[in-house]
Amino acid sequence: MGPAAAVNRSTLSLSLTEVIGCHRHYESVTVGVPLPRGWCQDPGFLRLSIGASGPVPLDARVLDRWSDGSARWALLTFSVPVEPTATAVLALELSDAVAQ
């Protein structure tokens, strides 16, 4: 699967495309994601969701920071199902509270 990303001010869109024709049953995905300057101070506020399926459990940590202290790169680990040759589109957003 190959990740791709697109950014707006409130949401980072991640696309995962299954390219070899296998059904992916919640396989673990780990990907480094560049973040816009000032967008995220604490990875505990990051939330990941997939369409109508809702929230996706997420482990996130900062790999690098901008000069203002905000996260520049985050390492995300999560599991999602992807049908053969399909693309799963996920939304990475900032929450108002740290995940419990």
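Okay, let's start with one pair of strands: β6 and β7, the latter covering residues 71–82, run antiparallel and are joined by 7 bridges. If you want a spot to click on, take D59, which stands opposite T77 in β7. Keep in mind that what's on the screen is a predicted model.

Now, zooming out a bit. That pair belongs to an open sheet of 3 strands, and the order across it is β3-β7-β6, with antiparallel pairing. So which strands stand at the edges? Those are β3, residues 24–34, and β6, residues 58–65; each has a single partner strand, so one side of each is left without a neighbour in the sheet. As for the twist, it averages 20° going from one strand to the next. A quick reminder for anyone who doesn't look at sheets every day: strands pair through backbone hydrogen bonds, and they can do that parallel or antiparallel.

On to side chains. How many aromatic pairs turn up in a search of the whole structure? The count is 0. There is a ring contact of another kind, though: R72 lies over the face of W66, 4.3 Å from the ring centre.

And the whole protein? We've got 8 strands and 0 helices, so to speak β-β-β-β-β-β-β-β when you read from the N terminus. There are 100 residues, and 30% of them count as buried. The exposed surface is about 5,800 Å², with carbon and sulfur atoms supplying 53% of it.

Last one, on contacts. Take those between residues at least 6 apart in sequence: 66% of them join residues at least 24 apart. Okay, that's my bit.

Definitions and conventions: Residues are numbered from 1 along each chain as its sequence is written. This is a predicted model: local features need pLDDT of at least 70, side-chain atom pairs count only at pLDDT 80 or more; totals for chains, interfaces and linings use all residues. Side-chain values use heavy atoms; hydrogens and water are left out. Two strands pair if DSSP finds at least two bridges between them. Helices (H or I, at least four residues) and strands (E, at least two) are DSSP runs, numbered from the N terminus. Axes are lines fitted to C-alpha atoms, for helices over the stretch in contact, and angles run from 0 to 180 degrees between N-to-C directions. Rings of Phe, Tyr and Trp (its six-membered ring) pair if their centres lie within 6.5 Å; planes under 30 degrees apart count as stacked, over 60 as edge-to-face and the rest as tilted. A charge sits over a ring if NZ of Lys or CZ of Arg is within 6 Å of the ring centre and within 35 degrees of the ring normal. Buried means under 20% relative accessible area, exposed over 50%, partly exposed in between (1.4 Å probe, protein chains only). Contact means heavy atoms within 4.5 Å. Accessible areas come from the Shrake-Rupley method with a 1.4 Å probe; for residues, only the protein chains shown count as cover.
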